[in-house]
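Here is my notebook from an afternoon of looking things up. Grab a pencil and follow along with me.

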Amino acid sequence: MAKANPLQEQLLKAGLVKKSQVSQVAREQVKARHGKGPVAPTESQREAERVRAEKAERDRELAAERNAQRRADELRAQARQIISDRKLPRGGELEYRFNDGEIIRTLLVTEASRKQLASGALVVVRHGDGFELLARVAAEQVRSRAAELIVLDHGQSEDTPISTGNAEDDAYYAQFQVPDDLMW
């Protein structure tokens, strides 16, 4: 039996409580003092928690990638919508050739469109399997959403001169003017 405190002994002597009540209270006090604390997690519990945390991190990363991909798809869709809404009517008898990566493409344009393309007022953009002409304002909207759709932009190339990689050759050929409206 646990040792009773002096107050409990006095109450027992006075007959106000029974011995079983005193011993019950003493046992409860001992249990409260020496009670079990939180159990330390076992190795398997720690491993399970670590695996759960890794899975949650992977799930967050995958969700972020999916959100980024969805946002990129939305921007490309907006750019395609701008192109289809704001494309200029094409037609003409003059051929305008431009580079599309490694391939030289041809568009039939009017004399006025050719001059605007050369000056940078018009831009050639990819639309589906073909190409369309856009005004500079619409092209800037497309560029902010999906720059990869812009194929030819003479207005943009003024800021960034094309380099062949050889500084001496670039300096020598810089003295020669190449006309923008060169006919093929």
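**Entry 1: a bridge partner.** I began with Val125 and looked up its bridge partner in β5, which turned out to be Ile150. I kept in mind that this is a predicted model. Next I checked how β5 and strand β3, residues 122–127, run relative to each other: they pair in the antiparallel sense, over 2 bridges.

**Entry 2: the whole sheet.** Which order do the strands take? I read off β4-β3-β5, an open sheet of 3 strands with antiparallel pairing. I then asked myself why β4 and β5 each have one side without a neighbour in the sheet. Both β4 (130–135) and β5 (150–152) stand at the edges with a single partner strand each, so one side of each is left without a neighbour there. I also noted the twist, which averages 45° from one strand to the next.

**Entry 3: helices on the sheet.** I looked up what packs on the sheet and found helix α3, residues 43–86, touching β3 and β4. The direction of α3 makes about 120° with that of β3. Helix α4, residues 111–119, packs on the sheet too and touches β3 and β4. For α4, I wrote down an angle of about 95° with the direction of β3.

**Entry 4: a nonpolar patch.** Then I turned to the surface. Leu7, Leu11 and Leu16 make a nonpolar patch of about 300 Å² there. I found Leu7 in helix α1, residues 6–14. Is Leu7 buried or exposed? Its relative accessible area is 54%, and exposed means over 50%, so I put Leu7 down as exposed.

Key. Residues are numbered from 1 along each chain as its sequence is written. This is a predicted model: local features need pLDDT of at least 70, side-chain atom pairs count only at pLDDT 80 or more; totals for chains, interfaces and linings use all residues. Side-chain values use heavy atoms; hydrogens and water are left out. Two strands pair if DSSP finds at least two bridges between them. Helices (H or I, at least four residues) and strands (E, at least two) are DSSP runs, numbered from the N terminus. Axes are lines fitted to C-alpha atoms, for helices over the stretch in contact, and angles run from 0 to 180 degrees between N-to-C directions. Contact means heavy atoms within 4.5 Å. Patches are made of residues with over 30% relative accessible area and no salt bridge: like charges are joined within 9 Å, nonpolar side chains (Val, Leu, Ile, Met, Phe, Trp, Tyr) within 5 Å. Accessible areas come from the Shrake-Rupley method with a 1.4 Å probe; for residues, only the protein chains shown count as cover. A salt bridge is a side-chain nitrogen of Lys or Arg within 4 Å of a carboxyl oxygen of Asp or Glu. Buried means under 20% relative accessible area, exposed over 50%, partly exposed in between (1.4 Å probe, protein chains only).
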